[in-house]
Amino acid sequence: MSLPGFSTLAIHAGQKPDPTTGAVNVPIYATSTYVQEEIGVHKGYEYSRVSNPTRTPLEECLAALERGHSSHVFASGMAAIQAILMRLSAGDHVVCGSNVYGGTPRLFNQVLTRFGLRFSYADTRDLAMVEAAITPATKLVFVETPTNPLMELCDLRALAELTHRHDAELAVDNTFMSPYFQRPLELGADLVMHSTTKFLNGHSDGLGGVVVASTAKQAEDFRFLQKSVGAILSPFECFLILRGVKTLGVRMRQHDANGRRMAAFLAVHPKVKAIYYPGLPQHPQHELAKRQMSGFGAMITIETGSLERANQVLRAVRVCSLAESLGGVETLISHPASMTHAALGAEGRAKIGLTDGMVRLSVGIEDIEDLERDMDQALAAIK
Ligand code: P1T
């Protein structure tokens, strides 16, 4: 029997009508604990840090969407990344993409190095650079593709092969694409994570993170970390993501359609000095994008030329909102140098080519004509 389609899984996987009432939607089980009949006799739930009946359907659903063995949700995207790293031990080495969300190297360099983990950074567009960074102590390669905010890609199939040759695991932050457009486990990756705060939830009304495991051993490790560390997702946030993910397919199709239109509009705009969007034929990795992803998504970065010019645009937007984050139904526009990648410092940003003039768009699902008009008048504010 063939697997149900993506949206059928999004709406039904892990989610059965409530057996006691017939309620179509999974209720919010606002409970910290569960009554037991006698020692060790219960209905599968003992304490909500360990498991919760709103969380279980969400974890089953997200695992199905990423074609994983299981998934494990955490309090934020950062908590999910932390869980991946907590499977390692002091002395272990990690190769991380040189361009990832700024909070990721902040966690690695400013927190986890104090516990004896070691990190190197490599341009993951170039497999030779990744291989050169691998040491006998390397246990994990951690990447984003496309990257935040430079929209650089890495060849996941080739990178998985390389990583496995060195007896390490490949973890992919799939936040920008969502499983609708890219499924790294099918390309050989060992772990996938998301900030569910973004496209999976889709409505900018809750934080969360998920790790999708590909093996039973990994699953056991993540369940143990949920129970032992406790950075789990609340039943209310689980409900919001379950609700949001039902429309992931239709939202991503509209995000993608709007993203392509906006990119084509900005690509020829006289005030835009450069544009980074894998859906454009001039993107240096456009062919890889077509091969590896089934859509190009809604994330676009443009170069305005300077901090002042970026601010002129950001002050002028009316439909787009100047805010950190991405992946919601509303268009958000942000300034990576001062927001998401401030922690890198000027030197760190210069090293990866992230400039003060860059502005990042998360194109929402509003009417594209309104978004184009808004960007046109905002770009006109550049003196
Ligand atoms: O914010 P949180 O849910 O903890 O997720 C962190 C995170 C992880 N990975 C990627 C690719 C991300 O983009 C983020 C968070 N990013 C933003 C807030 C942003 O505006 O880019």
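Here are some questions and answers about how this predicted model is put together.

Reader: Hello! Into which domains is the protein divided, and which residues does each one span?
Author: Happy to start there. The division gives two parts whose centres, taken over C-alpha atoms, are separated by 25 Å. These parts are domain 1 (6-245) and domain 2 (249-379).

Reader: How much area do domain 1 and domain 2 bury between them?
Author: Contacts are a good way in: 42 residues of domain 1 touch 38 residues of domain 2. Of the area buried between the two domains, 61% is on carbon and sulfur atoms. The total comes to about 3,100 Å².

Reader: Which side chains meet in a salt bridge, D155 and which other?
Author: The rule asks for a Lys or Arg side-chain nitrogen within 4 Å of an Asp or Glu carboxyl oxygen. Here the N to O distance is 3.4 Å. The partner of D155 is R291.

Reader: How many residue pairs are in polar contact between domain 1 and domain 2?
Author: Salt bridges across this interface number one by the rule. For polar contacts, both residues of a pair must be at pLDDT 80 or more, and the count is 20.

Reader: Which element gives the most to the side of domain 1 that touches domain 2?
Author: The elements giving two or more residues to that side are α1 (6-12), α4 (103-110), α6 (156-165), α7 (178-181) and α9 (235-245). The top contribution is four residues, and it comes from α4.

Reader: Is Q285 buried or exposed?
Author: Q285 sits in the loop between β8 (274-276) and α11 (286-292). Beyond its neighbours within four places in sequence, Q285 is in contact with R125, E152 and L153. Because its relative accessibility is 14% and the cut-off is under 20%, Q285 counts as buried.

Reader: Why does T331 count as buried?
Author: T331 lies in the loop between β10 and β11. Among its contacts beyond neighbours within four places in sequence are V319, C320, L361 and L371. T331 counts as buried because its relative accessibility is 1%.

Reader: How far is the backbone nitrogen of G364 from a polar atom of the side chain of T331?
Author: G364 is among the residues in contact with T331, as are V363 and E366. The distance from that backbone nitrogen to the side-chain polar atom is 2.8 Å.

Reader: One last thing: which residues of helix α12 are buried?
Author: Helix α12 covers residues 307-316. What covers its buried residues includes β10 (321-322), β11 (332-334), β12 (358-362) and α14 (368-379). The buried residues themselves are A310, Q312, V313, L314 and A316.

Conventions
Residues are numbered from 1 along each chain as its sequence is written. This is a predicted model: local features need pLDDT of at least 70, side-chain atom pairs count only at pLDDT 80 or more; totals for chains, interfaces and linings use all residues. Side-chain values use heavy atoms; hydrogens and water are left out. Buried means under 20% relative accessible area, exposed over 50%, partly exposed in between (1.4 Å probe, protein chains only). Contact means heavy atoms within 4.5 Å. Domain bounds come from an automatic or database domain assignment. Buried area is the accessible area (1.4 Å probe) that two parts lose on being put together, summed over both. A polar contact is a pair of N or O atoms within 3.5 Å; within protein, one must be able to donate a hydrogen and the other to accept it, and residues adjacent in sequence count only if both atoms are side-chain atoms.
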